Amino acid sequence: MSAATIVSLPDQSTARIPKMNFLTKENGLLSWLLTGDHKRIATLYLISITFFFFIGGSLAGLIRLELLTPQTSLMAADTYNKVFTMHGVIMVFLFLVPSVPATIGNFVIPMMVGAKDLALPKVNLLSWYLYIIAGFMVIYTMAAGGVDTGWTFTSPLSTHYLNTHVISTGLAIFVAGFSSIFTGLNFIVTIHKMRCPGMTWFRLPLFVWANYAASILMVLGTPVLAITLVLVVLERTVHIGVFDPAYGGDPILFQHLFWFYSHPAVYIMILPGMGVISEVISTFSRKRVFGYTAVAFSSVAIAVFGFFVWAHHMFIMGISNYAALVFSLLTMLVAVPSAIKIFNWAFTLYKGSITFETPMLYAFGFMGLFTIGGMTGVFLGSTGTDIHLTETYFIVAHFHFVMVGGMLMAFLSGIHFWWPKWTGRMYPEKISQFAAVVTFIGFNFTFFPQFILGTLGMPRRYAAYPPEFQALNVFSTAGATILGVGYLLPVLYLTWSLKYGAIAGNNPWQATGLEWQTQSPPLTENFLETPIMDHEAYDYEWLEQQQQKEVASVG
Amino acid sequence: MSDSTAISNSAAAETHHEHPPYQRHHFETVEQQADTTNFAMWLFLLTEVMFFGGLFTSYLIMRNWYYPAFVEASHQLNIGWGTANTAVLIMSSFTMAMGVWSAETRRKGALVLCLSLTFVLGLAFLGIKTIEYHEKWEKHHVPGLNWSDASFLNPASDPEVHKDYPGDQPLAPDMAQKAQMYFFLYFAMTGMHALHMIIGISILGFMIVRARAGAYTTGHVTYVENFGLYWHFVDIIWIFLFPLLYLISRH
């Protein structure tokens with residue numbers, strides 16, 4: 001083992017992928033479509049969300065191409081509205097919300113807690129089917145002509161003025177919502193009731209804590225979105241309702257109900273990503289996460305505070321000044337647990353034996369970009385600056401820094417990190433490090449100019465803009481091209497690695513989690529025998545002793 | 001095959017004794033399974049509370065805004081049918097509770113009887129609800145589809161209701177329009193509740209068939225128990241809907 005890497009692979013000339021594993025246990029399409037195995041469902045989810053990510057990504061490409069020139073040169077303004085709406089809907093509801101929890105979380109959480117499966121395997125499968133139904137409904141919407149409300153369905157725009165496919169999109173998100181409720185419910189129940197002997201709450205990996213917190217948000221927030229969308233759909237169908245002022249309704253009520261979910265949804269999207277980063281930072285600096293308890297509770301704190309800040313999306317929408325004041329202060333409060341995480345990761349790195357494998361590179365990308373995204377969130381949480389910056393490209397840049405720079409980086413970090421566990425094979429290291437760097441560079445090129453555009457006053461959601469903004473927009477579009485390459489590369493080499501990657505062995509990273517102590521790919525039941533947790537999380541000394549014992553016994 | 005149990009303790013290794021057929025493979029014990037599914041059901045009911053919460057919030061806000069319209073519109077509801085339905089639902093909750101008890105005490109006949117009674121009472125509730133919906137249709141009180149302000153512009157034009165509520169004043173046209181909002185929420189809330197009833201009744205039908213085959217009287221009662229929780233929850237939603245829609249404006 002060289003000093004520059006912690007990767008330890010078995011001898012490639014003799015190593016084999018275990019014959020018996022969850023991928024080979026049963027064959028045939030039906031064995032996949034009717035499976036109860038969390039790892040297979042995670043695989044189904046991974047394939048489907050990747051599919052929707054690339055649809056959403058192509059739409060993003062169209063948006064950036066249109067914005068290359070100040071005029072509406074590529075598409076008409078109406079088409080542009082539909083394109084950015086579909087981009088938002090697909091990316092938020094079909095990619096970001098299920099990304100880490102439904103794929104990586106589904107795959108590793110049962111193993112991390114030492115269980116054979118999630119508590120409710122059939123509900124887990126149902127959740128994937130609901131996701132697929134929602135996906136088809138969104139595709140139908142696109143084929144039928146799209147929807148142009150923006151992903152926020154703002155009433156009365158969505159209920160009164162538009163004549164696009166609001167109903168099918170609304171129902172699609174309703175269905176996707178239940179998919180996410182069932183995932184969250186399953187996680188909470190599993191984490192409460194399925195932990196193996198010795199696995200106390202404070203021995204759980206931080207990834208589990210983060211997903212637990214996100215699951216609370218899914219379970220409590222999503223039903224409110226569901227009923228809100230039902231009311232929007234009813235309002236469009238019978239032309240009477242509680243949101244449209246023309247019928248005597250209150251559009252602010254819509255905003256309250258919508259953001260009551262959709263603000264916590266932001267944390268649904270970012271918290272599992274933070275969990276990934278905790279695992280990766282610890283593994284690649286060979287240290288227990290600094291302030292484990294603080295990081296664990298900061299996840300829960302984010303979930304709790306997350307429910308009390310929604311009206312910061314409404315500062316310019318006519319809520320009272322006093323409400324704005326309170327919500328502004330509460331918004332500042334959320335910055336605290338997020339900062340706790342960033343500082344604790346930084347302290348974990350301090351005096352750690354850091355190596356720079358791909359997951360770690362993505363994790364570093366996450367830390368930098370999330371910090372920028374989070375800090376600009378504080379600008380937007382202050383009522384004064386928000387009134388200047390809201391509905392400009394500053395907002396667009398802010399949430400893309402958090403969601404793409406944060407969550408997507410974390411997702412890719414996690415995918416690379418658990419890829420050897422998932423498939424039994426390593427991804428190619430050099431090209432993936434290259435991809436991580438390309439993504440980081442492309443991302444900054446794309447979205448940093450948008451902060452400047454926003455402060456200069458370029459409004460979001462318009463197909464045309466004054467010519468003086470063109471230079472920065474050209475930068476942004478050029479960056480998006482680089483970013484696109486950064487996202488295509490992993491698809492190519494990860495697919496390649498399925499057949500040609502090096503055999504990974506049980507624990508290529510020398511990581512401590514229970515999921516690394518079983519074979520790769522794991523058995524359908526994860527462990528041969530129910531594991532017993534007899535050490536703390538991230539205990540690298542325990543792992544070392546364990547390996548010495550193993551060598552001794554083999555010798 | 002590689003070693004996948006680096007940390008398992010061989011002394012505690014599970015001796016593979018016979019599992020009862022209803023124990024799913026991924027649970028260690030039947031108790032764990034019962035505990036887990038029970039917890040899951042409570043959590044699901046929590047999401048349902050949030051789901052209906054959105055409707056209740058909208059109702060309370062709109063009621064504050066358009067108080068006169070909401071009062072007169074709620075006078076249009078038939079308290080007799082509403083009370084009857086409340087009684088039917090409470091009775092069905094009782095038979096459901098007895099069903100859980102029968103399953104626990106392994107009385108197959110009693111279980112089938114209790115589930116069937118719950119099934120019939122559930123259908124009775126929906127039947128009465130249909131009568132009420134029909135009445136709304138005939139009186140042109142279905143928002144959007146079949147609507148007329150007449151009963152609120154001129155309460156005297158509706159002698160049956162006016163007899164009981166002689167104090168109802170004619171509303172100004174814009175306020176009379178808002179009675180439509182009341183009925184929108186009335187249909188949304190009772191409709192969503194009825195949808196939950198329909199789902200419950202369908203599951204009940206399936207359970208009756210299984211109960212006749214003896215599936216729930218073998219000591220494994222979590223399915224019946226968890227369904228009971230759901231049924232009582234749907235009942236409780238009605239217990240909130242009934243006063244908010246029917247009773248609150250009655251003096």
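**Figure 1. The low-confidence start of chain B in the predicted model.** Over residues 1-15 of chain B, pLDDT stays under 50, and for this stretch the model, which is predicted rather than determined by experiment, has 32 contacts beyond four places in sequence. These contacts should be read together with the values for the whole chain, since the mean pLDDT of chain B is 90 and 92% of its residues reach 70 or more. For the model as a whole, the scores are ipTM 0.92 and pTM 0.93.

**Figure 2. The side of chain B that touches chain A.** In this view, 43 residues of chain B are in contact with 47 residues of chain A. Helix H1 (30-65) and helix H7 (173-212) of chain B each supply at least two residues of the side of chain B that touches chain A, and the largest share of that side, 18 residues, comes from H1(B). Sorted by character, the residues on this side of chain B comprise 22 that are nonpolar, 16 that are polar and 5 that are charged.

**Figure 3. Val30(B) and its surroundings.** Val30(B) is found in helix H1 of chain B, the helix that spans residues 30-65. Because 16 other C-beta atoms lie within 10 Å, Val30(B) counts as partly exposed; a residue would need 20 or more such atoms to be called buried. Setting aside residues up to four places away in sequence, Val30(B) touches Pro20(B) and Gln23(B). A further pair that can be located in this view is Val30(B) and Gly214(B), which are 184 residues apart in sequence and, from C-alpha to C-alpha, 18 Å apart in space.

**Figure 4. Helix H2 of chain B and what covers it.** Helix H2 of chain B covers residues 67-75, and because 7 of these 9 residues are buried, the helix is largely enclosed by the rest of the structure. The buried residues of H2(B) are Ala69(B), Phe70(B), Val71(B), Glu72(B), Ala73(B), Ser74(B) and His75(B). What covers them includes H1, helix H5 (150-153), helix H6 (159-164), H7 and helix H8 (222-247) of chain B. Among these covering elements, H1 and H7 also each supply at least two residues of the side of chain B that touches chain A.

**Figure 5. The overall form of chain A.** The secondary structure of chain A comes to 16 helices and 0 strands. Its C-alpha trace spans about 80 × 45 × 45 Å along the principal axes. For 555 residues, a compact globule would have a radius of gyration near 24 Å, and the 23 Å of chain A agrees with this expectation. Of the 555 residues in chain A, 57% are buried. Among the contacts in chain A with a separation of 6 or more, 85% join residues that are 24 or more positions apart.

**Figure 6. Two cis peptide bonds in loops of chain A.** The peptide bond from Ser155(A) to Pro156(A) is cis, with omega near 5 degrees, and Pro156(A) is found in the loop between helix H4 (121-144) and helix H5 (157-161) of chain A. The peptide bond from Ser520(A) to Pro521(A) is also cis, with omega near -15 degrees, and Pro521(A) lies in the loop between helix H15 (470-500) and helix H16 (540-554) of chain A.

**Figure 7. Loop residues of chain A with positive phi.** His239(A), a residue other than glycine, has a positive phi near 55 degrees and is placed in the loop between helix H7 (206-238) and helix H8 (251-285) of chain A. With 18 C-beta neighbours inside 10 Å, His239(A) counts as partly exposed. Arg461(A), although not a glycine, has a positive phi of about 65 degrees, and its place is in the loop between helix H14 (429-456) and H15 of chain A. Because Arg461(A) has 14 C-beta neighbours inside 10 Å, this residue counts as partly exposed.

**Figure 8. Helix H14 of chain A, with its kink and its end.** At 1.5 Å a residue, the 28 residues of H14(A) should span 40 Å, and the end C-alpha atoms of the helix are 41 Å apart, which agrees. A kink of about 25 degrees nevertheless lies at Phe445(A) in H14(A), shortly before the proline Pro449(A). H14(A) is followed by Gly457(A), whose phi is positive, near 105 degrees.

Notes
Residues numbered from 1 in each chain as written. Chains lettered and ligands numbered in written order. Predicted model: local features only at pLDDT ≥ 70, side-chain atom pairs only at ≥ 80, totals over all residues. pLDDT = per-residue confidence, 0-100. Contact = placed C-beta atoms within 7 Å. Helix = DSSP H or I, 4+ residues; strand = E, 2+ residues; numbered from the N terminus. Nonpolar A, V, L, I, M, F, W, Y, C, P; charged D, E, K, R; others polar. Buried ≥ 20, exposed ≤ 12 C-beta atoms within 10 Å, placed from the backbone. Rg over C-alpha atoms; globule rule 2.2 N^0.38 Å. Expected span 1.5 Å × (residues − 1). Bend = angle between axes of the 7 residues up to and from the residue.
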